[in-house]
Amino acid sequence: MSIFDFKVIDAEGQEVSLREYEGKVILINNSATECGFTPQYDLLQDTYEMYENQNFVILDFPCNQFGNQAPGSTDEIVSFCDSTFGITFPIFEKIDVNGPNEIPLYSYLKAQKGFSGFDEEHELAATLKDILSGIDPDYEKSNDIKWNFTKFLIDKKGNVVERYEPTADIMLIRDRIEMLLRE
């Protein structure tokens, strides 16, 4: 099984087979428009522009499960991303990444790569830990998505290679993208 066995709904409400992205290195991201990590959209767009002509794509899935930080409709989110950050990579329908309504793609991603902690160097790591431990003192033990802008890196064959928490340095992600593009 690979991510190419899944179908998702795009921002226009159309079903899309992820097989459409076979042969590309993929970065899957869950996002929110009103989050402290929302400025990562700039870094993601820059990363997309750097590698899009080398068989790389970012697939963005808005999610309102973390602090209600993606309150708008999918159309409103797409409009915000376009006007504020000039996003040109695909944005999909707003989804749940955890719980009874999580989409099957995210169930699969989490089963492939679990939570391994936050980058302690990041300025928001302590804040995230405080928030999450207040909700669930054992949050570190589950593979659930912890917050907005968690990313999964997928190789050209559809295998989940890495999971990056929102505190991960984009330069480390870019280094790994470059390695996968050379394979």
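This passage describes the core, the helices α3 and α4, the largest pocket and several loop residues of a predicted model.

The largest nonpolar core comprises 60 residues. Within this core, the residues with the most contacts are Ile3, Ile28, Phe61, Leu105 and Tyr106. For Ile3, residues up to four places away in sequence being left out, the contacts are Leu18, Ile26, Ile28, Leu105, Tyr108, Leu109, Ile154, Gly158 and Val160. Two of the core residues named above, Leu105 and Tyr106, also appear among the buried residues of helix α3. The other buried residues of α3 are Tyr108, Leu109 and Lys110. The cover over the buried residues of this helix includes the strands β1 (residues 7-9), β3 (25-31), β4, β5 and β6 (160-164).

Helix α4 spans residues 125-135, and its buried residues are Ala125, Leu128 and Leu132. When α4 is viewed down its axis, these buried residues fall within an arc of 60 degrees, so they line one face of the helix. Asp130 and Gly134, on the other side of α4, are exposed.

The largest pocket holds about 220 Å³ of space. Its lining consists of 13 residues. Those that lie nearest the centre of the pocket are Phe66, Asn98, Leu132, Ile135 and Ile145. Leu132 is thus a lining residue of the pocket as well as one of the buried residues of α4. By class, the lining is made up of six nonpolar, four polar and three charged residues.

Three residues were examined in the loop that joins α2 and α3. Phe89 is located in this loop, between α2 (74-85) and α3 (104-112). The relative accessible area of Phe89 is 3%, and the residue is buried. Apart from residues up to four places away in sequence, Phe89 touches Tyr41, Leu44, Gln45, Tyr48, Ile58 and Asp60. Phe89 and Gln112 are separated by 23 residues in sequence, and their C-alpha atoms are 24 Å apart. Thr88 lies in the loop between α2 and α3 too, but this residue is exposed, with a relative accessible area of 51%. With residues up to four places away again left out, Thr88 touches Gln45 and Tyr48. Gln45 and Tyr48 are also among the contacts of Phe89. The C-alpha atoms of Thr88 and Gln45 are 7.2 Å apart, with the two positions 43 residues apart in sequence numbering.

The third residue of this loop, Lys94, is partly exposed at a relative accessible area of 26%. Beyond its neighbours within four places in sequence, Lys94 is in contact with Pro62, Cys63, Asn64, Ala70, Pro71, Gly72, Thr74 and Ile77. Lys94 and Lys157 are 63 residues apart along the chain, and a distance of 26 Å separates their C-alpha atoms.

Gln69 is found in the loop between β4 and α2. With a relative accessible area of 16%, Gln69 is buried, the limit for that class being under 20%. Its neighbours within four places in sequence being set aside, Gln69 is in contact with Ala32, Thr33, Glu34, Cys35, Asn64, Trp147 and Asn148. Asn64 is also listed among the contacts of Lys94. Between Gln69 and Asn98, which are 29 residues apart in sequence, the C-alpha to C-alpha distance is 15 Å. Asn98 is one of the residues nearest the centre of the largest pocket.

Two loop residues were considered for their backbone angles. Most residues other than glycine have a negative phi. Asn55, which is not a glycine, has a positive phi of about 65 degrees. The residue lies in the loop between α1 (40-51) and β4 (56-62). Asn55 is partly exposed, and its relative accessible area is 40%. Phe149, likewise a residue other than glycine, has a positive phi near 70 degrees. Phe149 belongs to the loop between α4 and β5 (151-154). In contrast to Asn55, which is partly exposed, Phe149 is buried, with a relative accessible area of 0%.

Terms used:
Residues numbered from 1 in each chain as written. Predicted model: local features only at pLDDT ≥ 70, side-chain atom pairs only at ≥ 80, totals over all residues. Heavy atoms only, no water. 1 Å grid on protein atoms, 1.4 Å probe; cavity = no way out; pocket = protein on both sides within 12 Å on 5 of 7 lines; lining within 4 Å. Points joined across faces, edges and corners; volume = space filled by probe spheres on them. Nonpolar A, V, L, I, M, F, W, Y, C, P; charged D, E, K, R; others polar. Buried < 20%, exposed > 50% of the residue type's maximum accessible area, 1.4 Å probe, protein only. Helix = DSSP H or I, 4+ residues; strand = E, 2+ residues; numbered from the N terminus. Arc of directions from axis to C-beta. Core = buried A, V, L, I, M, F, W, Y, C linked by side-chain atoms within 4.5 Å. Contact = heavy atoms within 4.5 Å.
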